[in-house]
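Please open the structure in a viewer and keep the sequence at hand. This tour proposes a series of selections and describes what each one shows.

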Amino acid sequence: MKKRTTEILRRMEEEYGLDLTCYLNHDDGWQLLIATMMSAQCTDKRVNEVTKDLFVKYPSIEAFANADLSELETDIKSVGFYHNKAKNIIASMKVLLEEYDGVLPSDINLLTKLPGVGRKTANVIRGNIFHEPSVVVDTHVLRISNKLGLVKTDDPVKAEFLLMKEVDKDYWIYINHWFIALGRSICKAPTPKCSECYLKDICPSYKS
């Protein structure tokens, strides 16, 4: 890793520690998959409010696979884009049942073949459920990695591979949690509190 990147990660580890608390509530891998699918263009807080009742109503992969589409749309309406999300949730659960005997795969190529599952969602599952080194690029990670000069791209997939080169593998799963924490507390969009940031002396965005 570059010297500045190493220092950024050192300070972040000191600030946030190595706790890997997932912001989306779940008891099983398939629940995290569904929650992550619903979190697109939606806050984790809202998703958690919905899944609190949703996972009681639909307590298994089978229950989601056999769900009525219009009813599920109503159940998740508040997370936005509910037509596509409901359709993909049902389709993905059916694939898990029919092709994987209800067992969530850990391979990213198999995960991204599930309807509505992209690399970000797949990496959330790989990192949090299977503890595979994975870089999860959500809006916080994309924005802050650009601000810190770790990448220069607006493409989440390109950012993922650039971060895999820039950041030591041992830190891949942590940077998502750390960047979210930084993005929610200090480096907020659109008005970051740069003067309060513990990285300001090594952040090119602050210097400029």
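The stops below pass from pockets to a helix, then to aromatic rings and two single residues. Please bear in mind that this is a predicted model.

**First stop: the largest pocket**

Select Ser 39, Cys 42, Asp 44, Lys 120 and Asp 138, which lie nearest the centre of the largest pocket. In total, 29 residues line this pocket, and its volume is about 650 Å³. Which helices should be coloured next to see where the lining of the largest pocket comes from? At least two lining residues come from each of α2 (29-38), α3 (44-57), α8 (119-128), α9 (139-147) and α11 (172-185). Colouring the lining by class gives 12 nonpolar, 12 polar and 5 charged residues.

**Second stop: the second largest pocket**

The second largest pocket has a volume of about 150 Å³. To find it, select Lys 147, Cys 187, Cys 194, Cys 197 and Cys 203, the closest to its centre among the 15 residues that line it. Two or more residues of this lining are given by each of α9 and α12 (204-207). The lining of the second largest pocket comprises 11 nonpolar residues, 1 polar residue and 3 charged residues.

**Third stop: helix α2**

Now select α2, one of the helices that supply the lining of the largest pocket. How many of the residues of α2 are buried? The helix is mostly covered, with 10 of its 10 residues buried. Among them are Trp 30, Leu 33, Ile 34 and Met 37. To see what covers these buried residues, display the surroundings of the helix, which include α3, α4 (61-65), α6 (82-100) and α8.

**Fourth stop: aromatic rings**

Keep Trp 30 of α2 in view and add Phe 55, Tyr 58 and Phe 64; ring pairs link these four residues into a cluster. The structure holds 7 aromatic pairs. One of them is formed by Tyr 171 and Trp 178, a tilted pair with 5.9 Å from centre to centre and 55° between the planes. Tyr 171 is partly exposed, at a relative accessible area of 21%, whereas Trp 178 is buried, at 1%. For a ring with a charge over it, select Tyr 23 and Arg 184: the charged end of Arg 184 sits over the ring of Tyr 23, 4.5 Å from the ring centre.

**Fifth stop: His 177**

Tyr 23 leads on to His 177, since Tyr 23 is one of its contacts. His 177 is found in helix α11. Is His 177 buried or exposed? His 177 counts as buried because its relative accessible area is 7%, which is under the 20% limit. Apart from its neighbours within four places in sequence, His 177 is in contact with Leu 20, Thr 21, Cys 22, Tyr 23 and Asn 128.

**Last stop: Pro 115**

Finally, select Pro 115 in the loop between α7 (108-111) and α8. Pro 115 is partly exposed, with a relative accessible area of 24%. With neighbours within four places in sequence left aside, the contacts of Pro 115 are Met 37, Asn 88, Ala 91, Ser 92 and Val 95. Of these, Met 37 was among the buried residues of α2. Then add Glu 15, which is 100 residues from Pro 115 along the chain; the C-alpha atoms of the two residues are separated by 37 Å.

Technical notes:
Residues are numbered from 1 along each chain as its sequence is written. This is a predicted model: local features need pLDDT of at least 70, side-chain atom pairs count only at pLDDT 80 or more; totals for chains, interfaces and linings use all residues. Side-chain values use heavy atoms; hydrogens and water are left out. On a 1 Å grid over the protein atoms alone, a cavity is a set of points where a 1.4 Å probe fits but cannot get out, and a pocket is an open set with protein on both sides within 12 Å along at least five of seven lines; lining residues have an atom within 4 Å of a point. Grid points are joined across faces, edges and corners, and a volume is the space filled by probe spheres set on the points. Helices (H or I, at least four residues) and strands (E, at least two) are DSSP runs, numbered from the N terminus. Ala, Val, Leu, Ile, Met, Phe, Trp, Tyr, Cys and Pro count as nonpolar, Asp, Glu, Lys and Arg as charged, and the others, Gly among them, as polar. Rings of Phe, Tyr and Trp (its six-membered ring) pair if their centres lie within 6.5 Å; planes under 30 degrees apart count as stacked, over 60 as edge-to-face and the rest as tilted. Buried means under 20% relative accessible area, exposed over 50%, partly exposed in between (1.4 Å probe, protein chains only). A charge sits over a ring if NZ of Lys or CZ of Arg is within 6 Å of the ring centre and within 35 degrees of the ring normal. Contact means heavy atoms within 4.5 Å.
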